[in-house]
Amino acid sequence: MIPHPTDGAGAPDALGLPQCLRRPDAAVSLYCLPFLGESADFYHPLCRALPQWIEARPVELPGHGTRREEPAIRDGHLLAHHLADIISTDDPRRPFALFGHCSGGLIAFETARLLNQRRQYRPLLLAVSALCPPPLIAGLIRKLSPRQVARLCTELAGHRALRQASSHAIIAGDFLIPLRYHYRNDTPLPCPISTFTGQNDPIMHADSMTSWNSLTSHRVRNRIYPGGHFYITHHWTDVARNLTHDLSTTLRQSPAPGPSPPPPPS
């Protein structure tokens, strides 16, 4: 299991990744991007729920958590370059995947596209949570009603991150990324995409997730859970199980090197 920072796992390593229990025999690395305003320990429940053949690597972004003394980066494309540089220094023999919640999913998407443009270490799978297809983000932001924003604020008020920072700081941090985001046309990603959505998310519609199909040359798998924008905090085990299935299936279909995972559960 991935220990909590209070177990001595909180200090970041030289790559800006929080120290966690390393799994040297893992078949795949899973880089996890939290929403802006949150730290990498947001993903500790997911880390604990994943099997031993997946090494979760929650990314601590500048200005957050253990890197809070560093200047925060509020540009999605710059953050993608930051993450791509981290991945480029990792072991190229081990396949990797990207997973992000909300604006973290947007950073994961742009990182996958950047690595594809560089024609280097490419992701095995892109998984995004509570994020509409990036080409639709600008239109969605413009159409947000005061009622939708109020519902999101209500969800944030119940989130543990508010014990560490003000609701204004969290909302500003999470919203500045999509507000400044400009989608750029590019070739479809050469990897599968898995999406995870709350059925009652106040700022997006689950039926919009089908638009991810145009952003990849591979399959898209959409999953919907009970709950709102932070549905994931109540469904870590289910999300981990579905991520494990998708990674196992994709890894077995890929010529990528590395140890073989167990077969996906039936």
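This briefing describes the fold, the central sheet, two buried helix residues and one pocket of a protein model.

The model is predicted. The protein contains seven helices and six strands, and 53% of its 266 residues count as buried. Read from the N terminus, the elements follow the order β-α-β-α-β-α-β-α-α-α-β-β-α. Among contacts with a separation of 6 or more, 77% are between residues 24 or more positions apart.

**The sheet**

- Six strands make up an open sheet, ordered β2-β1-β3-β4-β5-β6, and their pairing is parallel.
- The edges are formed by β2 (54-58) and β6 (220-225), each of which pairs on one side only.
- On average, and with direction ignored, neighbouring strands of this sheet are turned by 15° against each other.
- At one end of the strand order, strand β5 (residues 193-198) runs parallel to β6 and is joined to it by six bridges.
- Within the pairing of β5 with β6, Phe196 stands opposite Arg223 of β6.

**Helices packed on the sheet**

- Helix α2 (residues 76-88) packs on the sheet through β1 (28-33) and β3 (96-101), and its direction makes about 160° with that of β1.
- Helix α3 (residues 103-118) also packs on the sheet, where it touches β1, β3 and β4 (126-129).
- The direction of helix α3 makes about 150° with that of β3.

**Strand β1**

- Strand β1 is mostly covered, with six of its six residues buried.
- Val28, Leu30 and Cys32 point one way from β1, whereas Ser29, Tyr31 and Leu33 point the other way; residues of both sets are buried.
- Five bridges connect β1 with β2, and these two strands run parallel.
- Cys32 of β1 has Pro58 of β2 opposite.
- Five bridges also connect β1 with β3, again in parallel.
- Ser29 of β1 has Phe96 of β3 as its bridge partner.
- Strand β1 is touched by helix α2 and by helix α3.

**His77 in helix α2**

- His77 is part of helix α2.
- The relative accessibility of His77 is 13%, which is under 20%, so the residue counts as buried.
- Beyond its neighbours within four places in sequence, His77 is in contact with Glu110, Tyr181, His182 and Arg184.
- A polar atom of the His77 side chain lies 3.4 Å from the backbone oxygen of His182.
- His77 and Leu106 are 29 residues apart along the chain, and their C-alpha atoms are separated by 9.3 Å.

**Asn242 in helix α7**

- Asn242 belongs to helix α7 (residues 236-253).
- Asn242 has a relative accessible area of 18%; because this is under 20%, Asn242 is buried.
- With residues up to four places away in sequence left out, Asn242 touches Phe196, Arg223 and Tyr225.
- Two of these residues, Phe196 and Arg223, stand opposite each other in the pairing of β5 with β6.
- The side chains of Asn242 and Tyr225 are joined by a polar contact of 2.8 Å.

**The second largest pocket**

- The second largest pocket holds about 190 Å³ of space.
- Its lining consists of Cys132, Leu136, Gly139, Leu140, Lys143, Leu144, Gln148, Ile203, Met204, His205 and Ser208.
- Helix α4 (residues 137-143) supplies the largest share of this lining, three residues.

Technical notes: Residues numbered from 1 in each chain as written. Predicted model: local features only at pLDDT ≥ 70, side-chain atom pairs only at ≥ 80, totals over all residues. Heavy atoms only, no water. Pairing = 2+ DSSP bridges. Helix = DSSP H or I, 4+ residues; strand = E, 2+ residues; numbered from the N terminus. Axes fitted to C-alpha atoms, helices over the stretch in contact; angles between N-to-C directions. Contact = heavy atoms within 4.5 Å. Buried < 20%, exposed > 50% of the residue type's maximum accessible area, 1.4 Å probe, protein only. Polar contact = N/O pair within 3.5 Å; in protein donor to acceptor, adjacent residues only side chain to side chain. 1 Å grid on protein atoms, 1.4 Å probe; cavity = no way out; pocket = protein on both sides within 12 Å on 5 of 7 lines; lining within 4 Å. Points joined across faces, edges and corners; volume = space filled by probe spheres on them.
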